[in-house]
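Grab a coffee and open the viewer. Below are a few short exercises, each with a worked solution.

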Amino acid sequence: MCGIVGYIGKRNAYPILIKGLHRLEYRGYDSAGVALINAQGQLNIYKAKGKVAELEAYASDKDTTGTIGIAHTRWATHGEPNTVNAHPHYSESERLAIIHNGIIENYAVLKAGLQKEGYSFKSETDTEVLIQLIEYTQVNKHVDLRTAVQLALQQVIGAYAIAVLDKDHPDTLIAARKGSPLVVGVGQEEYFIASDATPIVEYTDKVIYIEDEEVVKLSTKGQSTKGQSTKDEGIEITTINNVQKTPEIKRLELSLSQLEKGGYPHFMLKEIFEQPRTLADSMRGRVNVRQDNIALSGFIDNKERFMNAKRIIITACGTSWHAGLIAMYAIEEFAQIPVEVEYSSEFRYRKPVINRDDVVIAISQSGETADTLAAIQLAKEKGAFIFSICNVIGASIPRLSNSGCYTHVGPEIGVASTKAFTAQVVALTMLALCIGKEKGTMSEEQYLHVVRALGQIPDKIECVLTQNKRIADFAKTFTYAQNFIYLGRGYNYPVALEGALKLKEISYIHAEGYPAAEMKHGPIALISQEMPVVVVAPRCGTYEKVVSNIQEIKARNGRVIAIVTEGDKMVSKIADYVIEVPETEECLTPLLTVIPLQLLAYHIAVVKGCDVDQPRNLAKSVTVE
Ligand code: G6P
């Protein structure tokens with residue numbers, strides 16, 4: 001995690017860097033810092049604990065001039081979040097400065113070696129070790145900065161996206177990546193670097209995605225001023241072993257309005273309300289209701305791999321893992337292929353059996369989650385076919401995959417995932433339907449019902465959203481609670497997990513998601529008046545059994561909030577609060593039942609005064625393991 005941003009050009013770098021940091025704050029917000037080289041050749045570093053706003057306040061009376069600079073927003077890994085550990089870090093002589101996203105795993109060995117050479121360290125970070133190593137190499141091997149960076153990175157084990165400044169060369173910025181994302185923006189006589197394209201979008205739509213173990217040298221000397229040229233003299237890309245690469249400039253598909261709150265108090269609420277549109281976008285050109293058909297190009301081009309698959313392994317983290325669990329129900333029901341759903345962090349380390357005829361589906365909003373990336377690397381090495389469901393176009397996971405499907409919901413900025421989740425479920429359902437149809441494992445009738453019902457989902461979500469005010473009202477009643485239980489069955493068991501995760505993430509209330517029938521094997525002991533129980537009980541599948549579970553809760557004085565199908569009679573009589581969702585096919589119910597749970601978590605967090613978009617200790621993109 002951590003967000004990095006850099007600028008070199010003719011403008012004052014500071015405002016560009018600060019704006020960029022605000023956009024990247026979703027990646028971490030423990031501390032922030034900036035380094036600038038001013039016209040006198042001084043390298044100034046300013047840092048502050050906390051959010052970017054603290055840095056701005058601190059730097060308000062400082063010299064923030066300079067047309068070259070780098071900046072960082074941190075999610076602490078090595079060393080507590082304080083000013084000393086905040087980035088940028090100086091080298092020993094204070095001639096160089098670095099920002100870093102990632103982890104240097106062998107930093108202790110490197111540090112010990114440098115200490116023997118007389119280097120001292122001010123912070124506890126692995127990053128400071130890297131800048132000292134770069135300076136040591138520069139001085140002792142008498143090489144230029146780029147070569148020093150290359151040589152130093154050859155010794156590094158771990159992940160990095162870095163940017164380095166040298167005050168003796170204010171016309172050059174060096175950046176490199178391995179495992180952590182890095183994008184270069186190419187402007188007119190100016191360049192930008194960032195962890196993603198959001199800090200760049202308002203200045204240029206020309207970007208270069210830097211690959212692993214590549215080092216980019218950006219220089220204002222000799223840049224082509226033609227603007228339209230695809231060759232740019234100011235950019236040189238090499239590998240860390242100094243092999244020359246040709247920069248490939250791509251057009252950015254991102255607009256500024258997608259990055260703004262659009263009148264909503266929080267990004268999370270905006271993103272919840274965007275879901276009717278984002279799901280229509282996810283289905284556009286894929287679900288053709290008039291022709292009763294689904295066309296998913298990532299599937300069509302690779303049909304054979306799916307037809308021959310003896311098993312599908314789904315790997316993901318967090319909310320994306322919950323989408324994977326829902327997909328397990330759909331793929332097994334429609335395509336009758338055994339599915340295993342794995343936490344990427346477990347999968348990558350547990351020596352899994354992976355066969356050449358396995359299909360591995362990676363789900364990731366950001367497309368950068370380190371564990372998921374490592375999991376598919378492993379599966380790819382073993383010959384499995386990798387299909388990814390991602391939101392961020394051009395991210396590492398889709399690039400490493402053999403095929404995939406983008407969710408197309410636009411940037412998701414709230415740290416708690418909402419619109420990305422529903423789009424993942426839609427993408428996976430489309431895939432399950434494509435496989436099922438092709439294999440002939442589902443009836444034509446069932447296929448048509450689900451395709452048609454999918455097309456109606458955006459309007460039905462619109463309907464659920466009209467209950468926002470009611471949910472906001474009764475959410476106030478529950479802010480006293482210290483614990484919540486969420487129950488669901490079948491397709492809605494993962495929804496219970498997701499509802500509980502949303503509440504934990506943003507309101508800091510402890511919540512457990514459980515399969516409803518498992519309640520009697522433990523959680524029932526927790527039921528009391530003080531423990532609200534959210535039951536996801538649409539009228540389908542094991543509905544009657546869930547009603548019995550609600551009776552069991554009520555018999556123990558529990559308070560029940562139930563998500564039910566419109567017109568429900570049984571649950572409405574016994575639950576304390578009821579939220580209705582329109583009827584749909586069972587496999588699609590999660591797309592409707594999750595909406596009230598997103599809103600409930602949101603409103604409880606707002607009433608509690610929590611920082612909804614940037615909850616403590618979390619980050620949106622987890623690029624460290
Ligand atoms: C973090 C985020 C979650 C997200 C998870 C997986 O924990 O806070 O919202 O679900 O990472 O991220 P991914 O980008 O791979 O979906």
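**Exercise 1.** Work out which helix gives the most to the shell around the ligand, and what kinds of residues make up that shell.

*Solution.* Bear in mind that this is a predicted model. Start with the helices: H10, residues 318-335, gives the most to the shell, with three residues. Next, sort the shell by residue type: four are nonpolar, eight are polar and two are charged. Finally, look at who comes nearest: of the 14 residues around the ligand, these are Ser320, Ser364, Gln365, Ser366 and Thr369.

**Exercise 2.** Find polar contacts made by oxygen atoms of the ligand, and say for each whether backbone or side chain is involved.

*Solution.* Use 3.5 Å between N or O atoms as the cut-off.
- Try Ser320: an N or O atom in its side chain is 2.6 Å from a ligand oxygen.
- Move on to Gln365: here a polar backbone atom sits 2.7 Å from an oxygen of the ligand.
- Then check Thr319, where a polar backbone atom is 3.0 Å from a ligand oxygen.

Now for cover: on its own the ligand has 390 Å² of accessible area, and the protein covers 90% of that. As for the space the ligand takes, this is the second largest pocket.

**Exercise 3.** Trace the open sheet of eight strands, name its edges, and pick out a bridge between S2 and S4.

*Solution.* Walk across the sheet and you get S3-S2-S4-S1-S10-S9-S11-S15, with antiparallel pairing. At the edges are S3 (43-49) and S15 (250-251), each of which pairs on one side only. Now zoom in on S2 (residues 31-37) and S4 (residues 68-74): this antiparallel pair runs over seven bridges. For one of the partners, take Val34 and look across to S4, where you'll find Ala71.

**Exercise 4.** Where do the cis peptide bond between His87 and Pro88 and the positive phi of Asn242 fall along the chain?

*Solution.* Take the peptide bond to begin with. His87 and Pro88 are joined in cis, with omega at about 0 degrees. Pro88 belongs to the loop between S4 and strand S5 (89-90).

Then turn to Asn242. Its phi is positive, about 70 degrees, even though this residue isn't a glycine. You'll find Asn242 in the loop that runs between strand S13 (235-239) and strand S14 (244-245).

Terms used:
Residues numbered from 1 in each chain as written. Predicted model: local features only at pLDDT ≥ 70, side-chain atom pairs only at ≥ 80, totals over all residues. Heavy atoms only, no water. Near = heavy atom within 4 Å. Polar contact = N/O pair within 3.5 Å; in protein donor to acceptor, adjacent residues only side chain to side chain. Areas by Shrake-Rupley, 256 points an atom, 1.4 Å probe, with all protein chains shown as cover. 1 Å grid on protein atoms, 1.4 Å probe; cavity = no way out; pocket = protein on both sides within 12 Å on 5 of 7 lines; lining within 4 Å. Sits in = over half its atoms within 2 Å of the grid points. Helix = DSSP H or I, 4+ residues; strand = E, 2+ residues; numbered from the N terminus. Nonpolar A, V, L, I, M, F, W, Y, C, P; charged D, E, K, R; others polar. Pairing = 2+ DSSP bridges.
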